[in-house]
Amino acid sequence: MSLPELDEAAWIDLELAGTDPNSGFRYVNLCTVDPDGHPQARLVVLRSANGQKRTIEIHTDTRSDKWREIGANPSVTLLAFDPARGQQLRLRGTAERHGPGSPVAADAWDRLSPWTRSTYAGGPPTGERSDAANAGDESGKVVFGVIVFRASELDWFQLERGANRRALFSYGSRGELRDAREINP
Ligand SMILES: Cc1cc2nc3c(=O)[nH]c(=O)nc-3n(C[C@H](O)[C@H](O)[C@H](O)COP(=O)(O)O)c2cc1C
């Protein structure tokens, strides 16, 4: 595979992770910088990816530390690893916040299942039935936010016995591939 083909394949796999809960890239580490300048990492679900724009969508509670940290410093790294392929994708970029009331958050909320909505509402009140009527509670919408990550660089690493490979890709502001080079892993 040529370097542009490797890049394209990586983004196709990220796009598939948005629809396949069993994909190795379904859970990614979202790494931010906290107010003390300390690195922070946590797993999040990759909700969707767009290989043309080089974007990845993540959902979260706007009361979370990650939301505040991105507000103060939008520089983030996303780290994905698929054990089946032995492939690591380290994506460097920036994150935009789309909070409650924004068109992006409203659209994403409309597409959530009642169960997922209930996780933002903190679930039904203690002692009440967790049936569909309760789980569909819209109150979680007021704390529901969408993080849109935009990649500027991909550090691609393929673990392969005796033949590890590593390549660096950089992207322009419209997502176009600007540079690709293989480096010593
Ligand atoms: C497999 C897995 C998936 C998770 N997915 C999300 C997610 O999509 N969004 C989210 O906000 N937190 C998710 N979490 C919880 C976060 O890892 C984290 O513990 C929580 O959001 C608090 O992070 P913060 O205090 O750094 O903001 C997930 C945790 C695990 C273990």
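Helix α2 turns some of its residues inward: in this predicted model, its buried residues pack against β1 (27-33), β2 (39-45), β4 (55-61), β5 (75-82), β6 and β7. Which residues are buried in α2? In this helix, spanning residues 65-72, they are K66, W67, E69 and I70. They sit on the same side of α2 because they cover an arc of only 165° around the axis.

Now for the nonpolar cores. The largest one has 30 residues, and L14, I56, L91 and L154 touch the most other members. Elements giving two or more residues to this core are α1 (3-17), β1, β4, α2, β5, β6, β7 and β8. Helix α1 hands over the largest share, six residues. Apart from this core lies another one, made of nine residues, including A108, Y120, V146 and V148.

Take a look at I56 on its own. Leaving out residues up to four places away in sequence, I56 touches W11, L14, L46, S48, A49, L78, L91, I147, V148 and F149.

Then there's the largest pocket, which holds about 200 Å³ of space. Its lining includes T77, R90, L91, R92, E153, L154 and D155, along with L168, F169, S170, D179 and R181. Two or more lining residues come from each of β6 (87-98), β7 (144-158), β8 (165-171) and β9 (177-183). Here's how the lining divides up:

| Kind of lining residue | Count |
|---|---|
| Nonpolar | four residues |
| Polar | two residues |
| Charged | six residues |

L91 and L154 turn up twice in this story: they belong to the largest nonpolar core, and they also line the largest pocket.

Definitions and conventions:
Residues are numbered from 1 along each chain as its sequence is written. This is a predicted model: local features need pLDDT of at least 70, side-chain atom pairs count only at pLDDT 80 or more; totals for chains, interfaces and linings use all residues. Side-chain values use heavy atoms; hydrogens and water are left out. On a 1 Å grid over the protein atoms alone, a cavity is a set of points where a 1.4 Å probe fits but cannot get out, and a pocket is an open set with protein on both sides within 12 Å along at least five of seven lines; lining residues have an atom within 4 Å of a point. Grid points are joined across faces, edges and corners, and a volume is the space filled by probe spheres set on the points. Helices (H or I, at least four residues) and strands (E, at least two) are DSSP runs, numbered from the N terminus. Ala, Val, Leu, Ile, Met, Phe, Trp, Tyr, Cys and Pro count as nonpolar, Asp, Glu, Lys and Arg as charged, and the others, Gly among them, as polar. Buried means under 20% relative accessible area, exposed over 50%, partly exposed in between (1.4 Å probe, protein chains only). The arc is that of the directions from the helix axis to the C-beta atoms. Contact means heavy atoms within 4.5 Å. A nonpolar core is a set of buried Ala, Val, Leu, Ile, Met, Phe, Trp, Tyr and Cys residues joined through side-chain atoms within 4.5 Å.
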